[in-house]
Amino acid sequence: MTPAEWESLCDRCGKCCVLKLEDSDTGEIHYTDVACRLLDCGNASCTNYPDRKRYVPDCITLSPDNLESLPWMPESCAYRLLHEGKSLSAWHPLLSGDADSTRKAGKSVAGRVFPEESVPVGDLIDHIQADRMQLLYTLYQQDIYEDLANSHMADQDHHLIEVLCYHQIHKCK
């Protein structure tokens, strides 16, 4: 695969550009609703993708060789899906032919995260998503929440899903 073909796999969801905190005792990853300082929170695109490593040194450059070591990648990520031998989602821009299909399908973080510069580092812990929110986010990532929302889910969980869909958890790289 050429570098251009590899880059075209990215659906531009911005989920990998949400800040995460790792528990040093357990190794557990906690997702926040705070986006990397280079992510345009309105359209979920990197404002300086070619030079991002210069400004965000710990930004991950995805490759076929490091995908196995990145378990926090979203379930819907094309790189992850292909690595796991799965097909791309129907809403993926390569299949839909629409560069904005990720946002239209509700899979983008656009408009759902806070910019990093608006949250003091000491307050990041306050932006960790609660366990219930994390569970709902996991369901959201796996496209399971819609089935649950249409069945027996409690009203408070319907509300949490609405909040979650507005303040989507995103990761920044």
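This tour moves through one predicted protein model, selection by selection, from the whole chain to single residues.

Before selecting anything, note that the model is predicted, that local features are reported only at pLDDT of at least 70 and side-chain atom pairs only at pLDDT 80 or more, whereas totals for chains, interfaces and linings use all residues. Residues are numbered from 1 along each chain as its sequence is written, and side-chain values use heavy atoms, with hydrogens and water left out.

**The whole chain**

Begin with the protein chain in a cartoon view, where eight helices and five strands can be found; helices (H or I, at least four residues) and strands (E, at least two) are DSSP runs, numbered from the N terminus. From start to end of the sequence, the elements come in the pattern α-β-β-β-β-α-α-α-α-β-α-α-α. Switch to a surface, and about 9600 Å² is exposed, with carbon and sulfur atoms supplying 53% of that area; such accessible areas come from the Shrake-Rupley method with a 1.4 Å probe, and for residues only the protein chains shown count as cover. Of the 173 residues, 42% are buried, where buried means under 20% relative accessible area, exposed means over 50%, and partly exposed lies in between (1.4 Å probe, protein chains only). Taking contacts (heavy atoms within 4.5 Å) between residues at least 6 apart in sequence, 65% join residues at least 24 apart.

**The three-stranded sheet**

Next select β1, β2 and β5, which form an open sheet in the order β1-β2-β5 with mixed pairing; two strands pair if DSSP finds at least two bridges between them. Strands β1 and β5 stand at the edges with a single partner strand each, so one side of each has no neighbour in the sheet. Residues 18–22 make up β1, which pairs with β2 in the antiparallel sense over four bridges, and within this pairing Glu22 stands opposite Ile29. The two strands form a hairpin with six residues between them, and Gly27 in the turn has a positive phi of about 80 degrees. On the other side of the pairing scheme, β2 runs parallel to β5 (residues 114–115) and is joined to that strand by two bridges, with Ala35 opposite Pro115. Colour β2 by accessibility: five of its seven residues are buried, so the strand is largely enclosed by the rest of the structure.

**The nonpolar core**

Now select Trp6, Leu62, Trp72, Met73, Tyr79 and Val113, the residues with the most contacts inside the largest nonpolar core, which has 26 residues. Such a core is a set of buried Ala, Val, Leu, Ile, Met, Phe, Trp, Tyr and Cys residues joined through side-chain atoms within 4.5 Å. Both β2 (29–35) and α3 (78–83) supply at least two residues each to this core. Centre the view on Leu62 and, leaving aside its neighbours within four places in sequence, look for its contacts with Trp6, Leu67, Leu70, Met73 and Tyr79.

**Rings and charges**

Which residues form the aromatic pair? Keep Trp6 and Tyr79 selected: their rings are tilted, at 4.5 Å centre to centre and 45 degrees between the planes. Rings of Phe, Tyr and Trp (its six-membered ring) count as a pair if their centres lie within 6.5 Å, with planes under 30 degrees apart called stacked, over 60 edge-to-face and the rest tilted. The pair links distant parts of the chain, with Trp6 in helix α1 (residues 3–8) and Tyr79 in helix α3, 73 residues apart, and both residues are buried.

Then display Lys20 with Trp72, where the charged end of Lys20 sits over the ring, 4.3 Å from its centre. Arg52 lies over the face of Tyr49 at 3.9 Å from the ring centre. A charge sits over a ring if NZ of Lys or CZ of Arg is within 6 Å of the ring centre and within 35 degrees of the ring normal.

**Three loop residues**

Finish in the loops. Arg12, between α1 and β1, has a positive phi near 65 degrees although not a glycine, and is partly exposed at a relative accessible area of 45%. Ala44, between β3 (39–40) and β4 (45–46), also has a positive phi, of about 60 degrees, but is buried at 4%. Val109 lies in the loop between α5 (101–104) and β5 and is buried at 0% relative accessibility; its C-alpha is 9.9 Å from that of Asp40, 69 residues apart in sequence.
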